[in-house]
Amino acid sequence: MKEEFELFTENWIEVTAIWSKIALACSGLILIFYLLLLLTKRNPVKKHQFISSFEIKYLSFAGVIFTIGATLYLNTLLVGFYTKSEIILTMKTMVSIFSGFLIGYIINTYLKVLYPTQLEKRLNGLRFKQRYNPNTGHELRLLTEDEEDEYLTEELINLENSSEYEYDVWLDEESGFKLIETYAGKLHMLICDNCNYRTAKEYKQDVSKEPTDTKQGAMIKHYKCSHCDHLQRKEYPIPALFGYSKPT
Ligand SMILES: [Zn+2]
């Protein structure tokens with residue numbers, strides 16, 4: 001009976017060891033695949049779009065596979081050391097699964113809470129990187145939100161105002177050459193009062209006046225510019241709780 005259990009644990013260790021290596025290798029391959037795809041995007045706008053749409057998704061996917069690999073690897077280590085009964089095997093497996101959840105939770109929290117800020121900085125680096133006139137090599141200047149409207153059609157301005165798209169206009173002041181770059185809509189981004197680019201992002205909101213049944217309330221949204229760190233706030237109405245509302 002004892003020999004049978006020993007054989008069983010040996011088998012168990014072999015199988016978990018193989019699958020842990022497969023999973024860890026796969027998580028590495030997912031990251032390499034992502035980096036290779038990223039390398040094919042030479043243009044800063046395409047790179048920006050690709051990173052903002054896919055980087056966190058790929059990292060999360062690799063994180064899940066890595067967590068599975070790490071859980072199995074931990075299980076291999078634990079079971080490989082003095083596992084003489086089924087109860088010990090069960091307990092060690094529970095400990096590995098619990099540790100796996102913890103690892104997954106840490107990776108997920110990092111990607112959801114801390115990583116977006118770092119990503120934003122990298123994306124801004126791409127967006128504000130110096131552009132040059134492809135014909136003369138002359139430096140282009142990025143126009144502010146006030147200046148750029150002169151170079152955009154009404155349709156583009158409307159799309160920008162409805163937050164569907166964001167346009168950057170780069171101008172060569174010597175030759176008049178202009179480069180218009182399109183970014184997917186930056187929802188909730190406001191124009192920064194300081195640097196005048198559409199880079200102010202909401203980070204918190206407070207209710208400054210509670211709405212009543214018939215009267216509007218108000219809330220203040222706080223924004224921080226991801227380009228120059230300027231802080232600003234803007235007040236928005238909150239509709240009355242019932243029916244018709246009297247503006248206050
Ligand atoms: Zn700013």
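**Exercise 1. The end of helix H2**

Which residue takes a positive phi just after H2? Describe also the length and bending of helix H2 in this predicted model.

*Solution.*
Step 1. Tyr-82, just after H2, has a positive phi of about 50°.
Step 2. Helix H2 covers residues 44-80, a run of 37 residues. From its first C-alpha to its last, H2 reaches 50 Å, which is close to the 54 Å expected at 1.5 Å a residue.
Step 3. The axis of H2 has a kink of about 45°, and the kink is centred on Phe-54.

**Exercise 2. Helix H3 and its cover**

Determine whether the span of helix H3 agrees with its number of residues, then locate its bend and its buried residues.

*Solution.*
Step 1. Helix H3 (residues 86-127) has 42 residues, so at 1.5 Å a residue it should span 62 Å. The end C-alpha atoms of H3 are 58 Å apart, which agrees.
Step 2. A bend of about 55° occurs in H3 at Tyr-115. A proline, Pro-116, follows within four residues.
Step 3. Ser-96, Leu-123 and Arg-127 are buried in H3. The cover over the buried residues of H3 includes H2 and strand E2 (165-171).

**Exercise 3. The largest nonpolar core**

Which residues make up the largest nonpolar core, and what does Leu-74 touch?

*Solution.*
Step 1. The general background is that nonpolar side chains tend to be buried together in soluble globular proteins.
Step 2. The largest nonpolar core here has 7 residues: Leu-59, Ala-62, Phe-66, Ala-70, Leu-74, Leu-78 and Val-79.
Step 3. Periodicity offers a further point: an α-helix has 3.6 residues a turn, so residues three or four places apart point the same way.
Step 4. Once residues up to four places away in sequence are set aside, Leu-74 touches Ser-96 and Ser-99. Of these two partners, Ser-96 is itself buried in H3.

**Exercise 4. The surroundings of Glu-160**

Is Glu-160 buried or exposed? Identify its contacts as well.

*Solution.*
Step 1. Glu-160 is found in helix H5, residues 154-161.
Step 2. The cut-off for a buried residue is 20 or more other C-beta atoms within 10 Å. Glu-160 has 21 such atoms within 10 Å and is therefore buried.
Step 3. Beyond its neighbours within four places in sequence, Glu-160 is in contact with Tyr-165, Glu-166 and Tyr-167.
Step 4. One of these contacts, Glu-166, stands opposite Tyr-183 in E3.
Step 5. Ile-238 lies 78 residues from Glu-160 along the chain, and the C-alpha atoms of the two are separated by 24 Å.

**Exercise 5. The sheet of 3 strands**

Reconstruct the order and pairing of the open sheet that contains E1, E2 and E3.

*Solution.*
Step 1. The order is E1-E2-E3, with antiparallel pairing. Strand E1 (141-142) and strand E3 (178-184) are the edge strands, each pairing on one side only.
Step 2. E1 and E2 are joined in the antiparallel sense by 2 bridges, whereas 7 bridges link E2 and E3.
Step 3. Trp-170 is the bridge partner of Leu-142 in E2. Trp-170 also has a bridge partner in E3, namely Leu-179.
Step 4. The hairpin of E2 and E3 has 6 residues between the strands, and Gly-176 takes a positive phi near 80° in it.

**Exercise 6. The sheet of 4 strands**

Establish the order, edges and registry of the open sheet of 4 strands.

*Solution.*
Step 1. The strands follow the order E4-E5-E6-E7 with antiparallel pairing. The edges are strand E4 (189-190) and E7, each of which pairs on one side only.
Step 2. Strand E5 (residues 200-209) pairs with strand E6 (residues 217-225) over 8 bridges. Within this pair, Lys-204 has His-222 in E6 as its bridge partner.
Step 3. E6 is joined to strand E7 (residues 231-238) by 8 bridges. Met-219 is matched with Tyr-236 in E7, and Lys-221 with Lys-234.
Step 4. E6 and E7 form a hairpin with 5 residues between them. In its turn, Asp-229 has a positive phi of about 70°.

**Exercise 7. Domain arrangement**

Into which domains is the protein divided, and how far apart do the C-alpha centres of domain 1 and domain 3 lie?

*Solution.*
Step 1. The division is into domain 1 (2-127), domain 2 (130-185) and domain 3 (188-248).
Step 2. The C-alpha centres of domain 1 and domain 3 are 40 Å apart.

Technical notes. Residues numbered from 1 in each chain as written. Expected span 1.5 Å × (residues − 1). Bend = angle between axes of the 7 residues up to and from the residue. Buried ≥ 20, exposed ≤ 12 C-beta atoms within 10 Å, placed from the backbone. Contact = placed C-beta atoms within 7 Å. Domains from an automatic or database assignment. Pairing = 2+ DSSP bridges. Core = buried A, V, L, I, M, F, W, Y, C linked by C-beta atoms within 7 Å.
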